[in-house]
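User: I'm new to this one, so let's go through it in small steps. Show me the sequence and the model to start with.

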Amino acid sequence: MSERIEVYHGSQRIIEKPEFGFGNPNNDYGLGFYCTESIDLAKEWACSVQSDGFANRYELDINDLKMLSLTSGEYNILNWLFVLLENRKFRIGGGIAKQAKAYIFDNFSIDYRNYDIIKGYRADDSYFSFANAFLNNTISLAQLERAMVLGRLGEQIVIVSEKAFGKIHFEGAEAVPNEIFFPKRLARDTAAREEFRLEKGRGSLVNESYILDIMREGWKNDDRRLQRIILK
């Protein structure tokens with residue numbers, strides 16, 4: 001029996017047939033169709049400040065698909081950061097940050113391109129400020145890990161291969177009013193930023209590891225100090 005899951009995609013339009021090879025190649029995990037198992041999150045992301053949207057619902061047969069789960073315990077937060085840095089376009093400022101990016105690419109890269117589906121942290125705009133803060137040595141690794149649960153964004157499921165696109169089936173769409181769900185989206189992001197502002201004051205220069213410590217001590221991908229399970 002095939003294993004099937006229900007996923008949602010928030011959009012400005014109804015998408016009955018997601019198409020392989022279309023979209024923004026600079027999203028979190030590259031080119032793909034980005035979904036969530038949370039209809040509430042899909043509704044929030046369906047709306048812009050000026051327009052309503054749709055929460056598209058799909059059934060995805062994952063039985064014969066190769067899935068990479070970045071939150072499974074096999075990987076760590078620096079593997080996720082590598083994937084993010086390779087795909088998203090955001091300014092890396094300062095000498096420390098540039099060296100940190102190079103170090104992460106040299107020591108925490110993973111082969112993620114030969115999978116049908118990628119499952120991992122859902123990055124919001126606020127999360128790029130978290131990543132930049134870590135790269136610039138202003139927050140610790142533990143703080144970056146704790147930041148991943150701020151805003152309760154959960155995980156996203158990204159359909160990336162042509163084979164996977166052939167196994168997603170449209171089940172319907174629900175109209176989403178922007179006057180209700182865009183404020184919820186904004187409130188979630190604002191709350192995450194405020195929680196992070198408070199979190200920044202809790203770091204310990206003595207007891208926690210920063211990117212400079214990681215580089216100077218030569219941490220590698222198999223270092224036991226790296227936390228494997230972060231999402232709660």
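**Rings, a sheet and a few contacts**

User: Which residues form one aromatic cluster?

Analyst: This is a predicted model, where local features need pLDDT of at least 70, side-chain atom pairs count only at pLDDT 80 or more, and totals for chains, interfaces and linings use all residues. Residues are numbered from 1 along each chain as its sequence is written, and side-chain values use heavy atoms, with hydrogens and water left out. Rings of Phe, Tyr and Trp (its six-membered ring) pair if their centres lie within 6.5 Å; planes under 30 degrees apart are stacked, over 60 edge-to-face, and the rest tilted. One aromatic cluster is made up of Phe 33, Tyr 58 and Phe 170.

User: In what order do the three strands of the open sheet sit?

Analyst: Strands (E, at least two residues) and helices (H or I, at least four) are DSSP runs numbered from the N terminus, and two strands pair if DSSP finds at least two bridges between them. Eight bridges join strand 1 to strand 3, and another connection of eight bridges links strand 3 (residues 53-61) to strand 7. The pairing is antiparallel, and the order is 1-3-7.

User: Why is one side of strand 1 and of strand 7 left without a neighbour in the sheet?

Analyst: Back to the order first: it runs 1-3-7. Strand 1 and strand 7 (168-176) each have one side without a neighbour because they stand at the edges, each with a single partner strand.

User: Which residue in strand 3 stands opposite Val 7?

Analyst: Strand 1 and strand 3 run antiparallel. On strand 3, this residue also stands opposite Phe 170 in strand 7. The partner of Val 7 is Tyr 58.

User: Helix 1 packs on the sheet, so what angle does its direction make with that of strand 1?

Analyst: Helix 1 (residues 39-46) touches strand 1, strand 3 and strand 7, where contact means heavy atoms within 4.5 Å. Axes are lines fitted to C-alpha atoms (for helices, over the stretch in contact), and angles run from 0 to 180 degrees between N-to-C directions. With strand 1, the angle is about 20 degrees.

User: Are the rings of Phe 20 and Phe 165 stacked or edge-to-face?

Analyst: The structure holds seven aromatic pairs. In this one, the ring centres are 5.7 Å apart and the planes stand at 70 degrees, so the pair is edge-to-face.

User: How many residues apart in sequence are the parts that this pair ties together?

Analyst: Phe 20 is partly exposed at 41% relative accessible area, while Phe 165 is buried at 10% (buried is under 20%, exposed over 50%, partly exposed in between, with a 1.4 Å probe and protein chains only). Phe 20 lies in the loop between strand 1 (4-11) and strand 2 (33-35), and Phe 165 in helix 6 (residues 162-165), so the parts tied together are apart in sequence by 145 residues.

User: How far is Arg 185 from the ring centre of Trp 45?

Analyst: A charge sits over a ring if NZ of Lys or CZ of Arg is within 6 Å of the ring centre and within 35 degrees of the ring normal. Lys 66 does this over Tyr 115, 5.1 Å from its centre. Arg 185 lies over the face of Trp 45 at 3.8 Å.

User: Which residue joins its side chain to that of Thr 71 in a polar contact?

Analyst: Thr 71 sits in the loop between strand 4 (67-69) and helix 2 (77-87), and counts as buried at 14% relative accessibility. A polar contact is a pair of N or O atoms within 3.5 Å; within protein, one must be able to donate a hydrogen and the other to accept it, and residues adjacent in sequence count only if both atoms are side-chain atoms. At 2.2 Å, the partner of Thr 71 is Glu 155.
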